[in-house]
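Hi,

Here is the structure I said I would pass on. Have a look at it first, and then read on for what turned up.

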Amino acid sequence: MLTLRDSASVTIAPIEGTPRATAEKLGPAMPPSGDKVALVAVWELRDPSGQSLGERTERLEGMARDWEEGSADAVAHLAAASADRLAALLQDDAPAEAEAGGHPRLLISGVEGAPGDGRESLPRAITEILKRQDLAIVTDPEAKADLVLDADVVVANPKAGKQNVKIVWRVRRKDGAEIGTVGQENDVPAGLLDGAWGDVAYVVAVSAQDGIMQLVARGAPLSTGNS
């Protein structure tokens, strides 16, 4: 289970504009009910040797009392939703070298410099996100691949309770020729990434996917015809 981070307090100011009936009701409707909380279950699939094959996250809102008391209905709802996600994971992760079917084969190479479990969680997250695209994802370095994706993470020393984080995703051809990079940068609370990245890895992956796919599209016409 993933422990959710503390939430910031938000005050909803009066909403301007028309129609007034909707504007007047929209503000009060925005704050979440104090009786409801969100529970996030992070499921990790491993093979018999213990090697991680992937990860799925399921988020479900419910009454705080139901979660605290382990309500059978709430647990059953979460289990059913999680089962669908895990079934998709089992189907996605069959052969490491997927049939390309005319789509570019992308090798997820790795992440360097990440603190905490970022070296494992970031590749898992970006793999899950990119599998939804028209790509054949490859994880075996010896398998055939048209393009290679890797990333470097640089975390600055803490300053005033914050740390600057820079992530550079790099797409290159299998021969090492670089196609381009996608950069991400943000200030986060000091020490946030020293342990489990949890949902942060998926936020990073989702934010990077459009830029990565643009680089894949740029490199694919030159690479797929020669594979």
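Let's start with Arg170. Leaving out residues up to four places away in sequence, Arg170 touches Val148, Leu149, Asp150, Asp152, Glu178, Gly180 and Thr181. Arg170 sits in strand S6, residues 162–173. Bear in mind that this is a predicted model.

Two of those contacts deserve a closer look. With Asp150, Arg170 forms a salt bridge whose closest N and O atoms are 3.0 Å apart. That pair links distant parts of the chain, since Arg170 is in strand S6 and Asp150 in strand S5, 20 residues apart. Arg170 and Asp150 are both buried. With Glu178, the side chain of Arg170 makes a polar contact of 3.2 Å.

Asp150 has another partner too: its side chain meets that of Arg172 in a salt bridge, 3.6 Å from N to O. Asp150 lies in strand S5 and Arg172 in strand S6, so this pair ties together parts that are 22 residues apart in sequence. How accessible are Asp150 and Arg172? Asp150 has a relative accessible area of 13%, and Arg172 is at 21%. The cut-off for buried is under 20%, so Asp150 counts as buried and Arg172 as partly exposed. Put together, Asp150, Asp152, Arg170, Arg172 and Glu178 are linked in a network of salt bridges.

The strands around this network belong to an open sheet of 5 strands, ordered S4-S3-S5-S6-S7 with mixed pairing. Strand S4 (136–138) and strand S7 (178–189) are at the edges with a single partner strand each, so one side of each has no neighbour in the sheet. From one strand to the next, the twist averages 25°. S5 and S6 run antiparallel and are joined by 9 bridges; Val148, for instance, has Arg172 in S6 as its bridge partner. Lying across S3 (105–112), S4, S5 and S6 is helix H4 (residues 118–130), which runs at about 155° to S3.

The count of salt bridges comes to 7. One of them joins the side chains of Glu128 and Arg132, at 3.5 Å from N to O. Here Glu128 is buried, with a relative accessible area of 6%, while Arg132 is exposed at 55%.

Finally, a word on confidence. The mean pLDDT is 75, with 64% of residues at 70 or more. Among the elements, strand S5 (residues 147–155) has the highest mean, 95, and helix H1 (residues 20–29) the lowest, 55. Over residues 1–12 the pLDDT is below 50, and it stays under 50 over residues 92–100. Where pLDDT is low, the predicted coordinates should not be read in detail.

Cheers

How values were computed:
Residues are numbered from 1 along each chain as its sequence is written. This is a predicted model: local features need pLDDT of at least 70, side-chain atom pairs count only at pLDDT 80 or more; totals for chains, interfaces and linings use all residues. Side-chain values use heavy atoms; hydrogens and water are left out. pLDDT is the predictor's confidence in each residue, from 0 to 100. Helices (H or I, at least four residues) and strands (E, at least two) are DSSP runs, numbered from the N terminus. Contact means heavy atoms within 4.5 Å. A polar contact is a pair of N or O atoms within 3.5 Å; within protein, one must be able to donate a hydrogen and the other to accept it, and residues adjacent in sequence count only if both atoms are side-chain atoms. Two strands pair if DSSP finds at least two bridges between them. Axes are lines fitted to C-alpha atoms, for helices over the stretch in contact, and angles run from 0 to 180 degrees between N-to-C directions. A salt bridge is a side-chain nitrogen of Lys or Arg within 4 Å of a carboxyl oxygen of Asp or Glu. Buried means under 20% relative accessible area, exposed over 50%, partly exposed in between (1.4 Å probe, protein chains only).
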